[in-house]
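Here is a friendly tour of a few local features in the model shown below. Have the viewer open as you read.

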Amino acid sequence: MTLKNSSKTNPVGVIGVGSFGTAVANMLAEKSEVMVYARKQEVVDEINAQHTASGRSLDPSIRATFSPEELCESCAVLFFMVPSAAFLEVTRLFAPHLHPYHLVIHGTKGLAVQLDPGEALDTVKKLRRSQILTMSEVILQETLAVRVGCLAGPNISKELSLGQPAATVVASKYNEVIQQGQHLLRSERFQVYGNSDIIGVELSGVLKNIIAIAAGALAGLGLGENAKGLLISRGIVEMAHLSKALGGSASSVMGLAGVGDLVTTCNSQDSRNFTLGYRLAKGETLEQILQTMDEVAEGVNTVRIVDAFIKTAGIRAPITENLHRVLFEDLSIEESLQFLMKYPFSVDVDFV
Amino acid sequence: MEENYIKHQYAPILPKKDEWPVVKLARERKEFILKVAELSEERIIGLLGKNPDVLKEELETTLYREKLRIKQNPWDVDPDDEVDFWKEIKSNLLQLHAEVALSKTKRLDAYQAVLKKITSRYAEEISSNFKASHYKFTRRVVTYGFSRLLNAARVKGFTSFFSNQYTLQDKIQITGQTDQIRDLATKGTIVLVPTHFSNLDSILIGWILSVLGMPPFIYGAGLNLFNISIFAYFMNALGAYKVDRRKKNLMYIETLKTYSKEAIQFGCHSLFFPGGTRSRSGIIESKLKLGLLGTAIEAQRANFQKGNGEGLGKIFIVPVTINYHFVLEAPVLIRDYLSMTGQERYYKENDEFSTSYKIFKFLLKFFTKGSDISVSIGKAMDVMGNYVDQEGNSRDKWGRLVDTREYFVSEGKVTVDSQREEEYTQMLGKRIVEEFHKINRVFSSHLVAFVAFELIKAKNQKMDVFDLIRLPQEDIVVDYQEFKTGCQRVLDEIFALKTKGKIDAAPHLFKPMDDIIAHGLENVGMYHAKRPLIRDEAGNLTTEDLSLLYFYHNRLHGYDFEKLF
């Protein structure tokens with residue numbers, strides 16, 4: 001199959017119309033023709049007829065389809081904006097229609113695991129790096145697309161849709177993907193940085209969720225700004241070490257997707273991860289919280305995966321380890337805070 | 001279990017030698033060299049951003065390095081006029097330096113003229129000197145000579161010398177996707193990428209290709225091999241072009257890459273040793289030299305650009321592993337490796353395969369005593385690492401058709417993006433390493449060496465390799481029973497991986513363990529003056545040369561078998 005037209009006349013594809021997907025689709029629509037994919041017929045109809053998706057307004061020029069085939073045939077550049085829980089499923093749905101010429105950029109912060117038969121994420125004790133996949137690795141494994149990138153950074157959908165200034169990172173091993181991402185997304189209100197360390201950028205976005213839970217917990221305990229500063233700085237050190245151990249570069253943690261996103265999330269009452277930590281500190285158990293949350297806070301899974309990984313790799317990550325004990329082993333928040341305060345962090349910064 | 005290797009000789013795919021791409025290339029040698037020189041020149045100018053000052057600097061660096069090389073590391077094969085040539089370049093450069101009044105474009109032109117001289121010389125140097133008559137003669141000599149030696153040694157009786165009971169194919173077993181490679185040779189251009197442990201490899205592969213009825217391949221052979229007259233003859237006959245590893249300057253490297261790329265585009269089946277050089281450590285290559293490999297990707301893209309990427313313009317990558325019980329150069333290789341990793345700064349390219357006499361002695365030993373070699377031919381892939389089917393179509397993991405051209409398409413057409421191609425080259429490199437591990441055929445000797453070394457290491461946990469090899473021989477004894485259980489553990493793991501298709505094992509590994517061990521001990525590094533592994537009087541195991549044991553042990557590195565100890 002050869003595409004006859006250049007991507008300037010080809011629409012840009014967006015898969016997923018959640019809050020972030022909608023915000024990105026609207027930004028793309030400022031410059032390009034956009035086609036979105038939604039799984040349900042009624043959502044597609046809603047978009048095409050009323051230009052809203054589950055109540056969120058969409059640019060009137062945006063067309064919707066529920067056929068992965070149509071989307072892939074029409075678009076050369078695709079943005080995957082699906083929640084991490086559905087990522088694998090959606091990727092597999094699109095896999096038969098994805099070609100090596102497609103550029104795929106995803107905006108999903110999460111990790112997937114490949115477990116040995118008979119294991120489950122709740123009970124798994126050991127995870128090797130080869131069993132853990134970032135979202136770009138999922139795409140590479142499941143589809144023929146190779147020119148893959150990711151979007152990460154402090155991008156709260158609500159603020160983006162209000163048109164407030166913000167920035168993002170497009171990370172990819174391929175300059176071509178970065179340039180295409182910048183070309184499509186950049187506007188007066190939206191700055192787009194490039195980074196070739198896609199794994200490091202993806203990991204930054206994922207690992208910061210752990211620290212966000214801890215930040216929520218500190219807020220829930222009623223602690224002040226000193227404690228938050230302490231946590232963010234120690235959190236960055238831990239993220240850098242974990243990112244290195246998982247194949248990213250420590251320097252990406254210092255960028256928009258790391259520090260940038262971390263600071264935003266640690267101050268945001270809207271973050272699910274932050275809320276989870278907050279409610280934990282207020283005395284609720286994980287079960288109680290999860291029952292009343294409509295979507296799982298991604299950080300819970302991340303803590304599980306990273307904890308199993310560090311035990312296998314033989315490295316230490318005190319914040320993650322303690323959160324794991326709080327979430328799954330009945331350690332109280334106060335006790336874990338005590339533990340962290342006594343933990344012998346002897347050097348301030350030891351990863352640059 | 002019976003060995004399942006190729007016992008018959010295949011009919012040639014292209015019986016008429018005039019149809020061989022190498023012969024066509026040899027006919028057009030002059031034009032081809034000219035083209036390579038010109039394209040290299042363009043390429044270098046492009047790389048240096050058309051800047052006369054940068055070009056000047058690069059020329060001066062090249063001149064300096066070449067003069068240094070001539071002085072410090074001269075070889076027999078070096079042409080006599082080398083000194084004069086570089087003197088001339090030097091005076092050209094000095095003259096240009098004096099002419100300050102020239103405009104920027106004029107200066108660029110003037111320096112480019114000097115560059116042209118260099119790339120032309122390099123292209124001429126690299127180019128192969130294939131002669132079909134020499135090729136046929138060599139092939140006959142190799143096959144006839146070797147099989148005489150073999151039968152003389154194995155078949156008893158007066159007439160044994162003329163017996164045909166054993167052929168070379170019993171000695172050197174060819175397994176794997178032999179039919180596929182034959183099919184594909186008529187459908188596209190093949191790039192063969194074998195593991196590299198011994199200087200014998202190039203001749204071995206040349207012979208194997210002729211057994212399979214393939215037309216001769218061209219390949220880059222280390223120039224040091226041309227120092228030895230016997231090798232030089234063989235190499236030229238087999239279509240080798242010359243790679244001089246002493247020359248590490250940009251101009252040489254770019255000319256070499258251009259040569260390789262153009263030859264592939266010409267339709268010449270090619271062979272690269274992707275490890276770049278023989279594996280010093282005995283470990284299967286895990287980091288590949290990507291320079292030449294990248295030329296396969298470039299050539300494929302260029303073919304797509306010209307619109308002939310399908311059919312004959314498609315390039316197939318075929319990994320090959322060569323499995324030995326014994327590597328003649330092992331003592332020197334491992335010494336090099338240890339001194340390199342031991343942070344010894346200076347390390348000179350040397351060649352222990354130094355005289356025709358030594359090689360002859362080795363060949364005599366090899367054929368008169370039993371030490372088998374097996375060559376496994378892997379599944380063919382496209383340049384992106386997708387397997388291809390019998391028709392040469394790429395298939396993804398799920399068997400769906402893949403259009404390789406689409407990897408090079410952006411905004412609807414094939415584009416040149418060197419950064420993208422660099423990434424693709426890395427991906428291809430990784431896929432080749434993966435395939436090497438899958439088709440690697442474990443021999444009894446690899447198993448025993450691996451287990452013995454791991455047991456010795458486990459007993460001296462605080463020591464690294466460098467400490468270990470300094471241990472006095474009396475201190476190294478491995479209990480036979482312990483050794484045997486260790487072998488069984490590793491073998492079980494090997495078979496477990498084999499069922500998953502992640503490794504291959506020689507049929508002799510299906511015998512009872514005591515037989516496997518005996519076979520392994522008999523064969524491991526069998527012709528070395530100091531044997532890597534022997535049994536002492538008490539029946540336990542010891543070594544005469546631990547670094548050699550380490551070398552043979554390394555063959556099973558990369559499968560995580562170490563965790564069993």
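The notes below cover strand pairing and one helix contact.

This is a predicted model, in which local features need pLDDT of at least 70, side-chain atom pairs count only at pLDDT 80 or more, and totals for chains, interfaces and linings use all residues. Residues are numbered from 1 along each chain as its sequence is written, while chains are lettered from A and ligands numbered from 1 in the order in which they are written.

Helices (H or I, at least four residues) and strands (E, at least two) are DSSP runs, numbered from the N terminus. Strands pair if DSSP finds at least two bridges between them.

| Strand pair (chain B) | Sense | Bridges | Opposite residues |
|---|---|---|---|
| 3 (residues 218–222) and 4 | parallel | four | B:Gly222 and B:Val243 |
| 8 and 9 (residues 394–395) | antiparallel | two | B:Tyr387 and B:Arg395 |

In strand 4 (residues 240–243) of chain B, B:Ala240 and B:Lys242 point one way and B:Tyr241 and B:Val243 the other, yet all are buried (20 or more other C-beta atoms within 10 Å of their own, with C-beta atoms placed from the backbone).

Strands 8, 9 and 10 of chain B form an open antiparallel sheet in the order 8-9-10. Strand 8 (387–388) and strand 10 (401–402) each have a single partner strand, so one side of each lacks a neighbour in the sheet.

Finally, helix 16 (residues 444–459) and helix 19 (residues 513–523) of chain B pack at about 90 degrees with axes 7 Å apart (axes are lines fitted to C-alpha atoms over the stretch in contact, and angles run from 0 to 180 degrees between N-to-C directions). The two helices of chain B, 16 and 19, are therefore roughly perpendicular (65 to 115 degrees).

How values were computed:
Angles under 35 degrees count as roughly parallel, over 145 as roughly antiparallel, 65 to 115 as roughly perpendicular and the rest as oblique. A residue is buried if 20 or more other C-beta atoms lie within 10 Å of its own, exposed if 12 or fewer, and partly exposed in between; C-beta atoms are placed from the backbone.
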